[in-house]
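Reader: Please choose one part of this model and look at it closely. Take me through its contacts, then place it in the whole chain.

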Amino acid sequence: MSHCDPIADMLTRIRNAVSIENAEVLVKASRVCEGLAKVLKEQGYIQGYDRIETTDKQGLLRIELKYGPLGEKVINEIKRCSKPSCRVYCDVSELPKVLGGLGIAILSTNKGVISDQQCRQLNVGGELLCTVC
């Protein structure tokens with residue numbers, strides 16, 4: 001299934017790894033997945049990520065998950081919004097407030113993959129990839 005939608009595959013792997021409290025997760029690398037990982041790191045949802053070169057051209061991303069001091073989950077919910085069969089686009093005025101502003105929305109724009117807060121600052125809209133809270 002990951003051949004059709006690498007973003008959904010990445011989010012599902014993160015969701016599953018968080019549910020069983022793994023320290024890290026491996027996902028297939030792509031520019032969009034790397035952009036998602038970058039935004040998650042900037043917003044404090046993961047500790048970090050790095051690209052692992054493999055024998056095939058694509059490679060892997062190793063994502064280090066983050067937990068609180070008592071082992072509580074930092075990522076409670078990560079949900080795919082735009083799908084290959086049904087794309088969801090948002091203008092700046094239509095950007096969602098995830099969990100009343102406590103969560104983030106991640107968008108693919110002409111400025112790259114950025115968070116909803118950066119979209120508001122840059123006054124750009126785009127494809128709503130996912131929400132995280």
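Author: A polar contact here is a pair of N or O atoms within 3.5 Å; within protein, one must be able to donate a hydrogen and the other to accept it, and residues adjacent in sequence count only if both atoms are side-chain atoms. This is a predicted model: local features need pLDDT of at least 70, side-chain atom pairs count only at pLDDT 80 or more, and totals for chains, interfaces and linings use all residues. Residues are numbered from 1 along each chain as its sequence is written, and side-chain values use heavy atoms, with hydrogens and water left out.

The part I choose is the pair Glu127 and Ser82. Their side chains make a polar contact at 2.7 Å. Glu127 sits in strand S8. Ser82 lies in the loop between strand S4 (78-80) and strand S5 (89-90). Helices (H or I, at least four residues) and strands (E, at least two) are DSSP runs, numbered from the N terminus.

Are the two residues buried or exposed? Buried means under 20% relative accessible area, exposed over 50%, and partly exposed in between (1.4 Å probe, protein chains only). Ser82 counts as buried because its relative accessible area is 0%. Glu127 is buried too, at 12%.

Ser82 has a second link. A polar atom of its side chain lies 3.0 Å from the backbone nitrogen of Val88. So what surrounds the pair? Contact means heavy atoms within 4.5 Å. Leaving aside residues up to four places away in sequence, Ser82 touches Arg87, Val88, Glu127, Leu128 and Leu129. On the same terms, the list for Glu127 is Ser82, Arg87, Val88, Tyr89, Ile106, Leu107 and Ser108. Arg87 and Val88 appear on both lists.

Glu127 also gives a long span to gauge. Its C-alpha atom is 30 Å from that of Ile20, a residue 107 places away along the chain. Arg31 makes another such pair. The C-alpha atoms of Arg31 and Val113 are 82 residues apart along the chain and 9.2 Å apart in space. Arg31 belongs to helix H2 (residues 31-42). It is exposed, with a relative accessible area of 78%.

Another polar contact joins side chains elsewhere. Asp5 meets Arg80 at 3.0 Å. Asp5 is in the segment before helix H1 (6-19). It is buried, at 13% relative accessible area. Beyond four places in sequence, Asp5 touches Arg80 and Pro84.

Now the backbone. Most residues other than glycine have a negative phi. Glu21 has a positive phi of about 60°. This residue is in the loop between H1 and strand S1 (24-28). At 51% relative accessibility, Glu21 counts as exposed. Asn123 also has a positive phi of about 60°, although it is not a glycine. Its loop runs between helix H3 (116-122) and strand S8 (126-132). Asn123 is exposed, at 58%. Strand S8 is also where Glu127 sits.

Step back to the whole chain. Three helices and eight strands make up its secondary structure. Along the sequence they follow α-β-α-β-β-β-β-β-β-α-β. The radius of gyration is taken over C-alpha atoms, and the globule rule is 2.2 Å times the number of residues to the power 0.38. The chain has 14 Å, which agrees with the value near 14 Å for a compact globule of 133 residues. Its C-alpha atoms fill a box of roughly 40 × 40 × 25 Å along the principal axes.

Of the 133 residues, 41% are buried. Among contacts between residues at least 6 apart in sequence, 61% join residues at least 24 apart. The accessible surface (Shrake-Rupley method, 1.4 Å probe) comes to about 7,600 Å², and carbon and sulfur atoms hold 50% of it.

To return to the chosen part, the polar contact of Glu127 with Ser82 at 2.7 Å joins a residue of strand S8 to one in the loop between S4 and S5.
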